[in-house]
Amino acid sequence: MILVHCEHDGTRLRKSALEMLGAAQALGGEITALVLGRGSSQVAAEAAKYASQVLIAEDALLEPYSARNHAQAIADLAVQAEASLVLTSGSRAGREVAPRVAVRLDAPYLEDATQLELIDGGLRVKHYAYLARVTETLEAIAPLIVVSVKPNTQAVAQPSANLGEVFEVELELTPSPIQVVGRTQEKTSRVALTEASLVVTGGRGMGSPENFKLIEDFADVLGAGVGATRAAVDAGWRPYAEQVGQTGKTVQPNAYFAIGVSGAVQHMSGMGKSKLIVAVNKNADEPIMKVADYAIIGDLNAVMPALIAAAKKLKD
Amino acid sequence: MKIMCLIRQVPDAEARVKTANGTVDLQGSSMALDGMDEYGVEQALRMSEGGAGTVAVAVGPQRFEDAIRRTLAMGLERAIHIETDLVLDVVTTSRLLKAIALEEQPDLIFVGGQHADTDSQAMGAALSEALGWNLVTWTTELTLEGQHVTAVHDVDDGKETVELELPCVVTTQQGLNEPRYPTLPNIMKSKKKELLKKSLNDYGISSTMVRVVNQEIQQRARLQHIIDGKDAAAAAEQLIVLLHTEAKVI
Ligand SMILES: Cc1cc2nc3c(=O)[nH]c(=O)nc-3n(C[C@H](O)[C@H](O)[C@H](O)COP(=O)(O)OP(=O)(O)OC[C@H]3O[C@@H](n4cnc5c(N)ncnc54)[C@H](O)[C@@H]3O)c2cc1C
Ligand SMILES: Nc1ncnc2c1ncn2[C@@H]1O[C@H](COP(=O)(O)O)[C@@H](O)[C@H]1O
């Protein structure tokens with residue numbers, strides 16, 4: 001049985017959950033969806049469309065979000081439900097929870113998988129290494145394996161005609177020893193970066209926070225998500241939530257627009273797998289040019305208004 | 001205050017990575033202390049008095065010695081090297097490191113937020129779970145008052161400030177501090193510092209749970225269609241048409 005730990009926002013499954021349920025469907029066999037925390041009972045009905053059973057727990061000790069307590073819940077339920085595979089999201093939160101679960105179960109952990117394949121007695125996955133420059137194939141043979149799945153790499157699940165049965169489960173948690181005393185949510189009103197099929201990213205070359213209006217306007221015409229490089233985030237021009245790269249988000253859109261971005265290794269590790277890369281840069285020798293499908297060599301202050309106008313014309 | 005820093009040696013971020021016969025070939029690549037680990041070493045030096053009570057711990061092949069020497073030259077007091085050519089999975093490594101932590105009894109353990117070779121973010125979480133200690137991941141600010149830790153760290157869609165007690169595991173990231181360069185006198189001094197060698201055997205570990213089957217470089221062929229932007233309007237027009245009709249992405 002495959003146990004899928006589903007991320008949700010209290011109302012709906014996150015896309016990562018639908019992707020993991022999709023991955024589980026592709027592997028075949030019985031699927032148990034696990035929905036933890038506030039809003040579980042509401043989300044359960046949605047999860048039931050994709051799994052043969054849904055386990056829910058609204059234990060108060062899961063809030064505010066505690067990786068330790070989520071891990072304990074997942075590990076305990078994996079044992080009780082006799083799972084052979086546990087899937088979690090490859091989000092930051094998921095990549096903290098999954099190794100904890102693996103340690104609790106003394107099970108092999110396969111991290112940030114982009115492809116999953118059953119093999120005799122175990123699982124084989126692909127994942128990126130060396131700042132995403134290398135694709136590794138990893139294998140584990142064990143009765144129980146824990147996997148985190150890279151976001152935006154799996155086809156979302158197909159609903160089934162038969163709804164899975166929902167079970168409320170009891171957990172035996174203890175209060176988290178970590179107090180969350182402050183929280184800044186950095187939400188953009190635009191398309192969520194990791195889910196956007198088009199992403200427009202501005203770098204240090206934008207020159208000022210005000211100039212990001214060019215990035216936002218272009219993104220709005222295209223219906224794209226907005227990204228930023230670490231240089232732009234560190235300068236305080238953009239929120240950290242928009243950062244793409246090794247220490248930010250990983251995106252793999254149909255087209256990625258890098259505007260005033262040099263293409264440092266750490267940035268490319270977050271966007272190098274984009275299906276199409278478009279660059280605007282005044283310097284033809286930058287690393288970003290080596291990976292560009294299309295590029296305009298020129299001053300972004302002249303090129304971006306022209307791109308916005310041309311895109312508007314196309315859309316009208 | 002005792003502080004342990006897990007450290008690793010990885011290819012320099014700017015180095016070109018090559019593969020041969022299905023494995024990464026590091027021959028001729030310049031290697032360095034993992035940048036993420038450097039933040040942990042720096043933080044340990046700032047939180048201790050001149051490095052007193054600090055220890056670097058490394059699990060890896062002989063070549064890791066260069067990176068270990070660098071942490072001693074930065075100022076850590078001593079180092080432990082569990083020398084092995086076996087690539088251990090994170091759960092087995094956490095068992096090994098737990099045993100070392102129980103011997104060393106640190107109050108605080110620093111772990112790099114993400115390894116620059118395996119791209120793994122798992123080590124800190126696995127070790128904290130193995131020890132049953134508190135954990136802060138992706139830490140950008142860390143202050144200590146007695147046993148009480150206040151930390152600011154990044155989460156999926158923002159930042160959190162958390163409070164917790166020692167002992168704990170902290171994973172680092174860029175922004176935590178600016179790591180120092182070793183000074184010449186410190187490099188000289190470091191040559192006399194203790195570097196304890198151990199083996200997996202000493203901890204009863206002989207196998208890994210995850211096998212690396214293959215490593216390859218999968219590069220997407222890029223179109224490399226470069227447009228001169230001197231006439232911005234014409235270039236923009238041309239690009240938008242190409243994206244619509246040729247690439248079909250807009
Ligand atoms: C441990 C670590 C983690 C990191 N993680 C990340 C990460 O997650 N994400 C990330 O992005 N970086 C990360 N970095 C930083 C990274 O190394 C680079 O410093 C950063 O990506 C550079 O950002 P940039 O391309 O905006 O700036 P720059 O490198 O300064 O490039 C600016 C570009 O703009 C162009 N330009 C300037 N003016 C104009 C103009 N008028 N018109 C057109 N083009 C113009 C220039 O030619 C240049 O190519 C990390 C670094 C470290 C050490
Ligand atoms: N109940 C939950 N189960 C799994 N992951 C969660 C849960 N609540 C929050 N998270 C994750 O924790 C991170 C921060 O969540 P939030 O800011 O509450 O949306 C996100 O990655 C969420 O997906």
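How much area do chain B and chain A bury between them? About 6,900 Å², with 55% of it on carbon and sulfur atoms. Keep in mind as you click around that this is a predicted model.

**Stop 1: where the chains meet**

Colour the two chains separately and select the residues in contact. You should pick up 81 residues from chain A and 78 residues from chain B. Now narrow the selection to Glu129(B), Asp157(B) and Arg222(B): within chain B, these lose the most area to chain A, and together they make up 10% of what that side buries.

Stay with Glu129(B) and add Arg100(A) to the view. Their side chains form a salt bridge, with 2.6 Å from N to O. Across the whole interface of chain B and chain A, the rule finds 6 salt bridges. If you turn on polar contacts as well, the count between the two chains is 45 residue pairs, with both residues at pLDDT 80 or more.

**Stop 2: chain B's side of the contact**

Switch to a cartoon and show chain B. Several elements give two or more residues to the side that touches chain A, including helix H3 (90–104), helix H4 (123–131) and strand E9 (134–145) of chain B. Strands E10 (148–155) and E11 (158–165) of chain B are also on that list. Which element gives the most to this side? Select H6(B), which supplies 11 residues; in chain B this helix runs over 232–246.

Try colouring this side by residue class. You'll get 39 nonpolar, 20 polar and 19 charged residues.

**Stop 3: ligand 1**

Centre on ligand 1, which lies between chains A and B. Show what is around it: 28 residues surround this ligand, and the closest are Arg204(A), Thr229(A), Ser262(A), Asn281(A) and Glu286(A). By class, the shell around ligand 1 has 17 polar, 6 nonpolar and 5 charged residues.

Three short distances are worth drawing here:

- Asn281(A): an N or O atom in its side chain is 2.7 Å from an oxygen atom of ligand 1.
- Val244(A): a polar atom of its backbone sits 2.8 Å from a nitrogen atom of ligand 1.
- Gln243(A): a polar atom of its side chain is 2.9 Å from an oxygen atom of ligand 1.

How much of ligand 1 does the protein cover? On its own, ligand 1 has 990 Å² of accessible area, and the protein covers 82% of that.

Before moving on, bring the cartoon of chain A back. Helices H6 (230–234), H7 (265–271) and H9 (300–315) of chain A each give at least two residues to the shell around ligand 1.

**Stop 4: ligand 2**

Now jump to ligand 2, which lies between chains A and B. Among the residues surrounding it are His5(A), Glu7(A), Tyr65(A), Arg183(A) and Gln185(A), and chain B is represented by Asp156(B) and Asp157(B). You've already met Asp157(B), on the list of chain B residues that lose the most area to chain A.

Next, select Arg14(A): an N or O atom in its side chain lies 2.7 Å from an oxygen atom of ligand 2. Add two histidines. A side-chain N or O atom of His8(A) is 3.4 Å from a nitrogen atom of ligand 2, and a polar side-chain atom of His70(A) is also 3.4 Å from a nitrogen atom of this ligand. Taken alone, ligand 2 exposes 470 Å², of which the protein buries 84%.

Finish by colouring the shell around ligand 2 by class: 5 charged, 4 polar and 3 nonpolar residues.

Notes
Residues are numbered from 1 along each chain as its sequence is written. Chains are lettered from A and ligands numbered from 1 in the order in which they are written. This is a predicted model: local features need pLDDT of at least 70, side-chain atom pairs count only at pLDDT 80 or more; totals for chains, interfaces and linings use all residues. Side-chain values use heavy atoms; hydrogens and water are left out. A residue is near a molecule or strand if one of its heavy atoms lies within 4 Å of it. A polar contact is a pair of N or O atoms within 3.5 Å; within protein, one must be able to donate a hydrogen and the other to accept it, and residues adjacent in sequence count only if both atoms are side-chain atoms. Accessible areas come from the Shrake-Rupley method with a 1.4 Å probe; for residues, only the protein chains shown count as cover. Helices (H or I, at least four residues) and strands (E, at least two) are DSSP runs, numbered from the N terminus. Ala, Val, Leu, Ile, Met, Phe, Trp, Tyr, Cys and Pro count as nonpolar, Asp, Glu, Lys and Arg as charged, and the others, Gly among them, as polar. Contact means heavy atoms within 4.5 Å. Buried area is the accessible area (1.4 Å probe) that two parts lose on being put together, summed over both. A salt bridge is a side-chain nitrogen of Lys or Arg within 4 Å of a carboxyl oxygen of Asp or Glu.
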